[in-house]
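Biologist: I would like to learn how helix packing and pockets are read from a model. Could we begin with the handedness of a crossing?

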Amino acid sequence: MKKRPIYLYILLTLSAILSSFTFIGTFFGSEKITNTSSYKGFSETVIKQIVEVTEKSLVFLHNVPHKVLVVLSILLVIAAIVFLIKQNILYANFAYIAYVLLGMVGTIYNYIGGMPLNNLYKDQAMRATAITSTRVLTIIYLVLNILFLVVVFFKMKQQQQDLTKEELQ
């Protein structure tokens, strides 16, 4: 009996959820901040800076290259799911690998394009915090993507070894 690729079901489910939220935010999200009540305790100047940076970040996340990356990622997740349903595990793995690599490209694109927005903060402490958090989040996203790649490559190697054993018997 053939083993089911549970790892791929889990990874694709998580990826489909993430891609869906990203799609909705990119294509249907607002580029304006209308409610600043969550910024209580900050001075008016700081609130204006936060709103300015956030709105410019949202404009960046709604640009054409970002939309292309989102659409491509959704297509790759759909392709991987279709291959998985058709029991073509190898192609499902390749589609998922392409999705993860595209995600890494998107992460680097967001880092490079979003980093200059942090310089809009006039307050040095806020700018340093924003730059640090951008770097930390980028590293976390890249590490997670590398982890997902390692899992898929490990499982692909394991599947290949299982096929070799079956052929020898």
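Modeller: A crossing is called left-handed if the near helix is turned anticlockwise from the far one by less than a right angle, and right-handed if clockwise. Helices here are DSSP runs of H or I with at least four residues, strands are runs of E with at least two, and both are numbered from the N terminus. By that rule, H4 and H5 make a left-handed crossing. This is a predicted model, in which local features need pLDDT of at least 70 and side-chain atom pairs count only at pLDDT 80 or more, while totals for chains, interfaces and linings use all residues. Residues are numbered from 1 along each chain as its sequence is written, and side-chain values use heavy atoms, with hydrogens and water left out.

Biologist: At what angle do the axes of H4 and H5 cross?

Modeller: Axes are lines fitted to C-alpha atoms, for helices over the stretch in contact, and angles run from 0 to 180 degrees between N-to-C directions. The axes of H4 and H5 cross at roughly 165° and come within 10 Å. Angles under 35 degrees count as roughly parallel, over 145 as roughly antiparallel, 65 to 115 as roughly perpendicular and the rest as oblique, and H4 and H5 are therefore roughly antiparallel. The residues of their contact comprise 18 nonpolar, seven polar and one charged, where Ala, Val, Leu, Ile, Met, Phe, Trp, Tyr, Cys and Pro count as nonpolar, Asp, Glu, Lys and Arg as charged, and the others, Gly among them, as polar.

Biologist: How is H3 placed against H4?

Modeller: The axes of H3 and H4 lie 8 Å apart at an angle of about 165°, and the two helices are therefore roughly antiparallel. Their crossing is left-handed.

Biologist: And how is empty space found, and which helix gives the most to the lining of the largest pocket?

Modeller: Rolling a probe the size of a water molecule over the atoms shows where empty space is left. On a 1 Å grid over the protein atoms alone, a pocket is an open set of points where a 1.4 Å probe fits, with protein on both sides within 12 Å along at least five of seven lines, and lining residues have an atom within 4 Å of a point. H4 gives the most to the lining of the largest pocket, with ten residues. That lining divides into 22 nonpolar, 17 polar and no charged residues.
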